[in-house]
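Work through the exercises below with the sequence and the structure at hand, and try each task before reading its solution.

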Amino acid sequence: MRIVLVGPPGAGKGTQATRLAEKLRIPHISTGDLFRANISRQTELGKLAKSYMDAGNLVPDEVTIAMAKDRMEQPDAEGGFLLDGFPRNVSQAEALDELLRSEGISLDAVLDLEVPEEEVVKRIAGRRICRNDSSHVFHDEYRRPQQEGACDVCGGELYQRDDDSEDTVRKRLEVYHTQTEPIIDYYKGQGLVVTIPAMGAVDDVTRRALEALKREGADA
Ligand code: AP5
């Protein structure tokens, strides 16, 4: 199964992607996490990505598409994948279509996580992530770690992402509305979009997403 997860910054894409990928036994591919891993390792790609991410802008398509393509071509993604944060504009969506077409495969569904803007701001303000692995995500109020400041999964130090400052979040939301939202219409044109109300408990959102995939016949 091949799924794309869309939604504004802080909607809960990473949180849901981890859970859905585990249930559906497909890899969770997050371009944000891939960039952050490169930043931690201080690679050239990481240095380039950081300058765009800290300003709340998209990393240029050329490097993003090449990185995503490389990850999707790894053996564990042969049977399917769940994309989180990619594609993020129409030209990335077109590049993904072209890549899938060349492999004779296609997407099964695009899950659009719907959350009001004031909730997104609250979720981002309280988010803390693990220094060892940015897919280990916590929240000051909604998902407190057992031990203050330490990751429940690996014990790593929890910190606030550099791009979670108020100004950068405002910019990221603007970029989402102008550049990423248009991909929802693009995929509606292909009949792939399923809207998931993403308010409420994390478990409830996961259940809604799994039920929606089942209804769409995209859970096999
Ligand atoms: P990326 O890492 O993809 O960030 P994002 O899309 O802005 O999304 P977030 O990671 O902020 O939020 P999320 O929706 O995953 O929410 P989460 O699950 O953490 O991208 C970062 C940057 O990288 C971009 O700005 C760009 O520069 C660059 N980039 C990435 N991909 C790119 C691409 N394709 N092209 C170009 N540039 C790219 O949840 C948020 C918080 O809420 C957490 O604390 C969580 O615990 C909590 N939470 C989650 N669900 C719930 C719930 N139901 N109830 C209460 N709390 C909840």
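**Exercise 1. A residue in a loop**

Find the place of Gln42 in this predicted model, and decide whether Gln42 counts as buried or exposed.

Solution. Begin with the position: Gln42 lies in the loop that runs between helix 2 and helix 3. Turn next to the backbone, where the phi of Gln42 is positive, at about 55°, although the residue is not a glycine. Finally, take the relative accessibility, which is 61% for Gln42; since exposed means over 50%, Gln42 counts as exposed.

**Exercise 2. The two helices beside that loop**

Describe how helix 2 and helix 3 are placed relative to each other, and state which residues meet.

Solution. Two packed helices are described by the angle between their axes together with the distance between the axes. Here, the axes of helix 2 (residues 31-40) and helix 3 (residues 44-54) come within 7 Å, and they cross at roughly 120°. An angle over 145 degrees would count as roughly antiparallel and one of 65 to 115 as roughly perpendicular, and helix 2 and helix 3 are therefore oblique to each other. The crossing in which helix 2 passes helix 3 is left-handed. As a last step, list the residues: from helix 2 come Gly32, Phe35, Arg36, Asn38 and Ile39, and they meet Leu45, Gly46, Ala49, Lys50 and Met53 of helix 3. Sorted by character, the residues of this contact are 5 nonpolar, 3 polar and 2 charged.

**Exercise 3. Another positive phi, and a cis peptide bond**

Where is Arg25 placed, and which residues does a cis peptide bond join?

Solution. Arg25 belongs to the loop between helix 1 (13-24) and strand 2 (28-30). Its phi is near 55°, which is a positive value in a residue other than glycine, and with a relative accessible area of 76%, Arg25 is exposed. For the second part, look at Phe86 and Pro87, which are joined by a cis peptide bond with an omega of about -5°; Pro87 sits in the loop between strand 3 (81-84) and helix 5 (90-103).

**Exercise 4. One face of a helix**

Name the buried residues of helix 6, and explain why they line one face of the helix.

Solution. In helix 6 (residues 117-125), the buried residues are Glu119, Val120, Arg123 and Ile124. When the helix is seen down its axis, these buried residues fall within an arc of 135°, so they line one face of helix 6. To complete the picture, ask what they pack against: the partners are strand 5 (127-130), strand 6 (137-139) and helix 7 (166-180).

Methods:
Residues numbered from 1 in each chain as written. Predicted model: local features only at pLDDT ≥ 70, side-chain atom pairs only at ≥ 80, totals over all residues. Heavy atoms only, no water. Buried < 20%, exposed > 50% of the residue type's maximum accessible area, 1.4 Å probe, protein only. Helix = DSSP H or I, 4+ residues; strand = E, 2+ residues; numbered from the N terminus. Arc of directions from axis to C-beta. Contact = heavy atoms within 4.5 Å. Axes fitted to C-alpha atoms, helices over the stretch in contact; angles between N-to-C directions. Parallel < 35°, antiparallel > 145°, perpendicular 65-115°, else oblique. Left-handed = near helix turned anticlockwise from the far one by under 90°. Nonpolar A, V, L, I, M, F, W, Y, C, P; charged D, E, K, R; others polar.
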